[in-house]
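This report walks through selected features of one structure, beginning with a charged residue and moving on to the core, a long helix and a few backbone details. Please keep the sequence and the coordinates in view while reading.

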Amino acid sequence: MLAFTWVALRFIHFTTLMLVFGCALYGAWLAPVSLRRLMMRRFLHLQRHAAAWSFVSATLMLAVQGGLMGAGWQDVLSITVWEAVLQTQFGGVWLWQIILALVTLVVTIIVPRSMPRRLLMLTIAQFILLAGVGHATLHDSLTGTLHQINHALHLICAAAWFGGLLPVFYCMKMAQGRWRDQAIGTMMRFSRYGHLFVIGVLLTGIMNALFIVGFSVPWHAAYGKLLLLKCALVMLMVAIALVNRYVLVPRMQQDNRCMTLYFIWMTKLEWGIGAVVLAIVSLFATLEPF
């Protein structure tokens, strides 16, 4: 049960962090200047709640890690065990993860100028920290450094792709009104750079697998089976993205309503599959590669 709690909290933390990043990406970069303030107001409520859950899940993960290292649930609330966890490599990294998650939450509450850019910097820093725990720390020296850099890039590309899908629905609604040209331009820019995000996910994902298991993937083990399932689901997401971009979008002008509905449902399916992939990634933390 404790291990399941850890996996659930890890899933919540990854998902909420990616949502904050994806929405900030539009407000800081993807949307035209004339639309950025509107985007920021539209996504503020979602980002605030996501940031809150990100902070709560990060804090609880430290406590649950104490239970996993100790004797179970009775050590989850033990301050002595927490102090012991903080002395480990995980604890040293995770303390900063909690601090940055708190700062991110505060930023969404006080709403400073250039908030989307600040959220981008804060979330990117947290993705870099996430690369400092888990399987990315299997190696030392140069190999370990390269693995962690690659893993951080993998998380950032995945966050841009997965986190950037939800704002697409809002852009679709805006495309029906006075902001039509700006909304369509924003979606096209996301689609254009989305190619780079997807390629980045695939290349860094392959490198991650090579760093962890090399060329001898343990297909007989649970880790290998989940890795195979993850790869299949990611390729399905790629297929859906390609259909959306090169089949449905060109036909929207011919049958706008029908193609738009197809596009929305396909994007929802893509996002749902992405959530399953994140659940699998969360499970990886509890499994040994071999």
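Arginine 10 has its place in helix 1, and in this predicted model the residue is buried yet has no salt bridge. The nearest side chain of opposite charge belongs to glutamate 288, which is 13 Å away. Setting aside neighbours within four places in sequence, arginine 10 is in contact with Met61, Val281, Ser282 and Ala285.

A second charged residue, aspartate 75, is found in the loop between helix 2 (33-69) and helix 3 (79-86). Aspartate 75 is also buried without a salt bridge, and here the nearest side chain of opposite charge is that of arginine 10, 21 Å away. Residues up to four places away in sequence not being counted, aspartate 75 touches Gly66, Gly67, Gly70, Val81 and Trp82.

The table sets out the two cases.

| Buried residue | Nearest side chain of opposite charge | Distance |
|---|---|---|
| Arginine 10 | Glutamate 288 | 13 Å |
| Aspartate 75 | Arginine 10 | 21 Å |

Turning to the nonpolar interior, the largest core has 88 residues, and those with the most contacts inside it are Met18, Phe21, Met39, Trp94, Phe127 and Trp161. Helix 1, which covers residues 2-30, gives the most to this core, contributing 15 residues. For tryptophan 94, the contacts that remain once neighbours within four places in sequence are left aside are His13, Ala58, Met61, Leu62, Leu130 and Val133. Met61 thus appears in the contact list of tryptophan 94 as well as in that of arginine 10.

Helix 8 comprises residues 180-213, a run of 34 residues that reaches 48 Å from its first C-alpha to its last, close to the 50 Å expected at 1.5 Å a residue. Where does helix 8 bend? The bend is at tyrosine 193 and amounts to about 35°. After helix 8 comes glycine 214, whose phi is positive, near 70°. Serine 191 also lies in helix 8, and this residue counts as buried because its relative accessible area is 17%, below the 20% limit for that class. The C-alpha atom of serine 191 is separated by 23 Å from that of phenylalanine 14, a residue 177 places apart from it along the chain.

Phenylalanine 169 lies in helix 7 (residues 166-174) and, with a relative accessible area of 18%, is buried. Although phenylalanine 169 and phenylalanine 263 are 94 residues apart in sequence, their C-alpha atoms are 9.7 Å apart in space. Not counting residues up to four places away in sequence, phenylalanine 169 touches Ile264, Thr267 and Lys268.

Positive phi values also occur at residues other than glycine, including valine 111, with phi near 50°, and serine 141, with phi near 55°. Valine 111 is found in the loop between helix 4 (89-110) and helix 5 (115-130), whereas serine 141 lies in helix 6 (residues 141-163). Is serine 141 buried or exposed? Serine 141 is exposed, since its relative accessible area is 61% and the exposed class begins over 50%. Valine 111, at 28% relative accessibility, counts as partly exposed.

Methods: Residues numbered from 1 in each chain as written. Predicted model: local features only at pLDDT ≥ 70, side-chain atom pairs only at ≥ 80, totals over all residues. Heavy atoms only, no water. Helix = DSSP H or I, 4+ residues; strand = E, 2+ residues; numbered from the N terminus. Expected span 1.5 Å × (residues − 1). Bend = angle between axes of the 7 residues up to and from the residue. Buried < 20%, exposed > 50% of the residue type's maximum accessible area, 1.4 Å probe, protein only. Lys, Arg positive; Asp, Glu negative; His and termini not counted. Salt bridge = Lys/Arg side-chain N within 4 Å of Asp/Glu carboxyl O. Contact = heavy atoms within 4.5 Å. Core = buried A, V, L, I, M, F, W, Y, C linked by side-chain atoms within 4.5 Å.
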